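Colleague: I am new to this structure. Please take me through its nonpolar interior, and look closely at the cysteines there.

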Amino acid sequence: MVGGEAATASRATERGAPLEAHWLGRIAYRDAWDVQKRLAAARASGAIPDQLLLLEHPAVLTLGRQADETHIRATPGSLAERGIEVLRVERGGEVTYHGPGQLVAYPIIRLADRELLLRPFVRGLEAALIATCAAEGVSAARREGHPGCWIHADGADPRKIGALGIRVERGTTYHGVALNVDVDLADFELIDPCGMPGVTSTSIAREAGRDAERPSTEAVARASQAFAAAFARSIGAPLDGADATSADPAAERALLDRRLAAAAATAA
């Protein structure tokens, strides 16, 4: 019985363990992708706690592992002229645009430790997107059968404001969500967002009547605070992390590098 009590206490501790959030600022997709995969491996082995990466990317297109390339509407030449790379990655979902003015969040979560199933985890991400929009005075919702976050989800003109695509390996999540804060919406003309021809993409700035607002890392940092708090609540985790509006992205990246180096040394 003592062993059973100890195991129960251990699981309760894991469920209540903090979620460590890191604001990384604007970071190249390939660099963030590499960090994600290394963190996911370390988390799967139990070497580090759950992590939440918050950031924005320079302009890039990503395809899910089974995504249809024909949903990229721009020619390779025009993308090359603009310096926009196209990458196929491990996540689910179709083609997605990332760029300045868009909040990207990558949760590195070992689901079993928090007694989370995949569907509630996805619902938690969607709830956090909705809460982030609400914090900016914008009403958003889930749309059944279409993962992510939508404006007028059940209306005649649903508009997509947030995308979702995750990967689970060894019981640990990576990849995540993207929320349009004050992104240049013209860039979504490069693709059929999430493989849906004719879908309208929108942003918090557009829905809040701030059409003249230009992409802003500062606005993304503010939105990341609301998202991190809402997501932590959705999985029942205390939030541990610096205020994104005052955090030093370089210092946060260095902290992650040290954490990964220590995990690698322990595993060696």
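Modeller: Start with a definition: a disulfide is a pair of cysteine sulfur atoms within 2.5 Å. Keep that cut-off in mind. The model is predicted.

How many disulfides does a search of the whole structure find? The count is zero. Take Cys 133. Its closest cysteine sulfur is in Cys 149, at 4.2 Å. The limit is 2.5 Å, so the sulfur of Cys 149 is too far from that of Cys 133 for a bond. The search from the other side agrees: for Cys 149, the closest cysteine sulfur is in Cys 133, again at 4.2 Å. Are these cysteines buried or exposed? Cys 133 has 0% relative accessibility, so it counts as buried. Cys 149 is buried too, with a relative accessible area of 0%.

Now the wider interior. The largest nonpolar core holds 40 residues. Leu 52, Leu 54, Phe 227 and Phe 231 have the most contacts inside it. Several elements each supply at least two of its residues. Among them are the strands E1 (19-26), E2 (51-56) and E6 (102-108). Strands E8 (146-151), E9 (159-169) and E10 (172-180) do so as well. So do two helices, H4 (118-135) and H6 (217-234). H6 gives the largest share, nine residues.

Look at Phe 231. Beyond its neighbours within four places in sequence, it is in contact with Leu 19, Leu 52, Pro 107 and Ile 109, among others. Its contacts also include Phe 121, Gly 124, Leu 125 and Ala 128. There is a second, separate core as well. It has 23 residues, including Leu 87, Val 89, Ala 178 and Leu 260.

How do H4 and H6 meet? Their axes come within 8 Å and cross at roughly 140 degrees. That makes H4 oblique to H6. The crossing is right-handed. On the H4 side, the residues that meet H6 include Leu 129, Ala 131, Thr 132 and Ala 135. On the H6 side, they include Ala 223, Ala 226, Phe 227, Ala 230 and Ser 234. Phe 231 of H6 also takes part.

Finish with strand E6, where Val 104 sits. Val 104 is buried, at 0% relative accessible area. Beyond its neighbours within four places in sequence, Val 104 is in contact with Leu 53, Leu 54, Leu 55, His 57, His 98, Val 177 and Ala 178. Ala 67 lies 37 residues from Val 104 along the chain, and their C-alpha atoms are separated by 20 Å.

Conventions:
Residues numbered from 1 in each chain as written. Predicted model: local features only at pLDDT ≥ 70, side-chain atom pairs only at ≥ 80, totals over all residues. Heavy atoms only, no water. Core = buried A, V, L, I, M, F, W, Y, C linked by side-chain atoms within 4.5 Å. Buried < 20%, exposed > 50% of the residue type's maximum accessible area, 1.4 Å probe, protein only. Helix = DSSP H or I, 4+ residues; strand = E, 2+ residues; numbered from the N terminus. Contact = heavy atoms within 4.5 Å. Axes fitted to C-alpha atoms, helices over the stretch in contact; angles between N-to-C directions. Parallel < 35°, antiparallel > 145°, perpendicular 65-115°, else oblique. Left-handed = near helix turned anticlockwise from the far one by under 90°.
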